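Thanks for coming. Please look at the structure on the screen while I talk through its aromatic rings, its core and its sheet.

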Amino acid sequence: MQLDFPYHFDGRDRTAETSEEEHIRDLIEQILFTSPGERVNRPDFGAGILQLVFGAASPEAAATAEFMIRGALQQYLGQRISVQEITADAVDATITITIAYTILRSGALTSATFTLGGGT
């Protein structure tokens with residue numbers, strides 16, 4: 001078992017735990033929503049996609065998001081997952097990112113979807 005993110009206590013007043021699949025999804029979320037320079041002693045950590053929310057949603061912004069995400073995931077989680085596909089769709093003021101990946105330890109193929117902008 002792994003620690004759950006964000007850190008909290010479970011019903012037994014102990015540190016909450018989660019499965020490996022959920023832990024890896026939590027790690028991906030941390031990478032996506034952390035901007036480079038935000039973490040002390042790790043100035044290059046993060047994908048920096050939050051800055052895309054303030055720009056116009058366009059196919060170019062979606063392609064930029066895909067590039068930024070793939071690089072960050074390879075750098076920080078390359079030993080744990082193999083990214084199969086990243087799709088970033090820009091509609092109005094919302095960017096929806098879907099990441100399909102294989103967990104290397106178990107071989108499980110899974111995906112996670114995240115939404116930026118649009119009031120969510």
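Tyr7 and Phe9 are both exposed. This is a predicted model, so that description belongs to the prediction. The two rings also form a pair: with centres 5.7 Å apart and planes at 75°, Tyr7 and Phe9 sit edge-to-face, because planes over 60 degrees apart count that way. In total, the structure has three aromatic pairs.

I will discuss one other pair. Phe33 and Phe114 have ring centres 6.1 Å apart and planes at 70°, so this pair is edge-to-face as well. Here the partners come from distant parts of the chain: Phe33 is in helix H1, residues 20-33, and Phe114 is in strand E5, residues 109-117, with the two positions 81 residues apart.

Is Phe114 buried or exposed? Phe114 has a relative accessible area of 4%, so it falls under the 20% limit and is buried. Phe33 has 25% relative accessibility, so it counts as partly exposed.

Now the core. The largest nonpolar core contains 28 residues, and Ile28, Ile69, Ile97 and Ile99 have the most contacts inside it. Two or more residues each come from H1, helix H2 (59-77), strand E3 (81-91), strand E4 (94-103) and E5. H2 gives the largest share, seven residues.

Take Ile99 as an example. Leaving out residues up to four places away in sequence, Ile99 touches a list of residues including Ile28, Leu32, Ile69, Leu73, Val83 and Phe114. Phe114 is the ring we met in the pair with Phe33.

Next, the sheet. What is the order of the strands in the open sheet? The three strands run E3-E4-E5, with antiparallel pairing. E3 and E5 are at the edges and have a single partner strand each, so one side of each has no neighbour in the sheet. Ignoring direction, neighbouring strands are turned by 15° against each other on average.

For anyone new to this, strands of a sheet pair through backbone hydrogen bonds, either parallel or antiparallel. Between E4 and E5, which are antiparallel, there are nine bridges. One residue to look at is Ile97, whose bridge partner in E5 is Phe114.

Last, the helices. H1 lies across E3, E4 and E5, at about 140° to E4. H2 lies across E3 and E4, at about 155° to E3.

If you keep one residue in mind, take Phe114: it is buried, pairs with the ring of Phe33, and is the bridge partner of Ile97.

Definitions and conventions
Residues are numbered from 1 along each chain as its sequence is written. This is a predicted model: local features need pLDDT of at least 70, side-chain atom pairs count only at pLDDT 80 or more; totals for chains, interfaces and linings use all residues. Side-chain values use heavy atoms; hydrogens and water are left out. Rings of Phe, Tyr and Trp (its six-membered ring) pair if their centres lie within 6.5 Å; planes under 30 degrees apart count as stacked, over 60 as edge-to-face and the rest as tilted. Buried means under 20% relative accessible area, exposed over 50%, partly exposed in between (1.4 Å probe, protein chains only). Helices (H or I, at least four residues) and strands (E, at least two) are DSSP runs, numbered from the N terminus. A nonpolar core is a set of buried Ala, Val, Leu, Ile, Met, Phe, Trp, Tyr and Cys residues joined through side-chain atoms within 4.5 Å. Contact means heavy atoms within 4.5 Å. Two strands pair if DSSP finds at least two bridges between them. Axes are lines fitted to C-alpha atoms, for helices over the stretch in contact, and angles run from 0 to 180 degrees between N-to-C directions.
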